Amino acid sequence: MHDRDTLRRFLFERYPIRGHLVHMDAAWRALIEHRDYPGPIRDTLGEAVVASLLLAATIKFDGVLSLQLQGDGPVHLLLAQCTSGLSVRGLARHREVSAGGELNIRGLVGQGNLTVTLETDDGAQRYQGIVPIDGGRLADSLQAYFQNSEQLPTRLWLHANEQGASGLLLQKLPGTGSVRTTDVESIEDAWRRVQLIADTLTPVELRTLADEEILHRLFNEDDLRLFEPAPVYFRCRCSRERVVSMLQGLGETETRSVIAERGKVEVHCDFCNRAYVFDAVDVAQLFKAPVAADSGSVH
Ligand SMILES: [Zn+2]
């Protein structure tokens, strides 16, 4: 199987139901490169990253969608972010857990919440929803999210391992649109039926079959329209400029004390593990530059 890093949309011609299929192969492996996540955490992060892509693809926006799990379990924080351009990044902060442990989200994250937020490019944050973490898998909590937040009826199927991460989303659209069936009862029947059929898709099939094969395997009795694949990327938004303003925010005394102690300041990005290194000359330069007016510093 070739590496796929794509998202594909499809529509049921007869019913107001749509879907997305997403696969991350090389992009997923790049996201977890240099990260030594225990298997269950890695796979849950993969599911979250794929879910963030599937959710972002259902919304028209310019910005960043974040899917965050926070709780009192071994995983304090699990964060997946997807931009409207379908670039993703993600991280997990955790205590030690056994590598062979179970992929149970309550066991990993404990008592806590799943939060979905949308931050638009103009800086406005549109709060989306928050639900308690529930059930065994991430998809179960997302199910609760869709039920509780007055979103469109939606189901997700997610699977990730060290090689890749894949997901399927089905969503029932409001009204009847331009579809051929307008009878509400038949639409409800179809919605129930497509979910039951999608439940028969095995994780291995979701991970390994081509999109056409998956859709044929599931919905060969339905008229489907499959759109061209859109590329999915792993891309971190960290930059030297951001680290510079972080250090400026930290203050000259603090930053110089690190230089005095270690000879350099080394900052690692939590998402991509990229290292930003500043020596004494860099630090001198950094605090010679005029400090931005909004930093609150007075000279
Ligand atoms: Zn980064």
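## Strand E1 and its partners

Phe10 of strand E1 faces Leu226 in strand E10 across a strand pairing. This pair belongs to a predicted model, and the pairing of E1 with E10 (residues 224-226) is antiparallel, with 3 bridges. E1 also pairs with strand E11 (residues 230-231), again in antiparallel fashion, through 2 bridges. Within that pairing, Thr6 has Pro231 of E11 as its bridge partner.

A further partner of E1 (residues 5-12) is strand E2 (residues 17-24); the two run antiparallel and are joined by 7 bridges. E1 and E2 make up a hairpin, with 4 residues between the two strands. Opposite Arg9 stands His20 of E2. In general, strands of a sheet pair through backbone hydrogen bonds, in either a parallel or an antiparallel manner.

## The open sheet

The model also contains an open sheet of 6 strands, whose order is E7-E6-E3-E4-E5-E12. The pairing in this sheet is mixed. Its edges are formed by strand E7 (125-132) and strand E12 (233-234), each of which pairs on one side only.

At the E7 edge, strand E6 (residues 112-120) is joined to E7 by 7 bridges, and the two strands run antiparallel. One of the positions in this pairing is Leu118, whose bridge partner in E7 is Arg126. As a general rule, side chains in a regular strand alternate between the two faces of the sheet.

## Helices across the strands

Two helices lie across strands of this sheet. Helix H2 (residues 39-57) lies across strand E3 (63-71), strand E4 (75-83), strand E5 (87-94) and E6. The direction of H2 is at about 35° to E4. Helix H4 (residues 138-148) lies across E6 and E7, and its angle to E7 is about 120°.

## Two residues with positive phi

Most residues other than glycine have a negative phi. Two loop residues of this model call for attention in that respect. His34, which is not a glycine, has a positive phi of about 65°. His34 is placed in the loop between helix H1 (26-32) and H2. Because the count of other C-beta atoms within 10 Å of His34 is 9, this residue is exposed.

Leu86 likewise is a residue other than glycine with a positive phi, near 65°. The position of Leu86 is in the loop between E4 and E5. Leu86 has 20 C-beta neighbours inside 10 Å and therefore counts as buried.

## Domains and helix H9

The domain assignment of the protein gives domain 1 (5-234) and domain 2 (240-295). The centres of domain 1 and domain 2, taken over C-alpha atoms, are separated by 37 Å. Contact between the domains involves 4 residues of domain 1 and 4 residues of domain 2. On the side of domain 1 that touches domain 2, there are 1 nonpolar, 1 polar and 2 charged residues.

Helix H9 spans residues 252-262. Of the 11 residues of H9, the number buried is 1, so this helix lies largely in the open. After H9 comes Gly263, which has a positive phi near 85°.

Terms used:
Residues are numbered from 1 along each chain as its sequence is written. This is a predicted model: local features need pLDDT of at least 70, side-chain atom pairs count only at pLDDT 80 or more; totals for chains, interfaces and linings use all residues. Domain bounds come from an automatic or database domain assignment. Two residues are in contact if their C-beta atoms, placed from the backbone, lie within 7 Å. Ala, Val, Leu, Ile, Met, Phe, Trp, Tyr, Cys and Pro count as nonpolar, Asp, Glu, Lys and Arg as charged, and the others, Gly among them, as polar. Two strands pair if DSSP finds at least two bridges between them. Axes are lines fitted to C-alpha atoms, for helices over the stretch in contact, and angles run from 0 to 180 degrees between N-to-C directions. A residue is buried if 20 or more other C-beta atoms lie within 10 Å of its own, exposed if 12 or fewer, and partly exposed in between; C-beta atoms are placed from the backbone.
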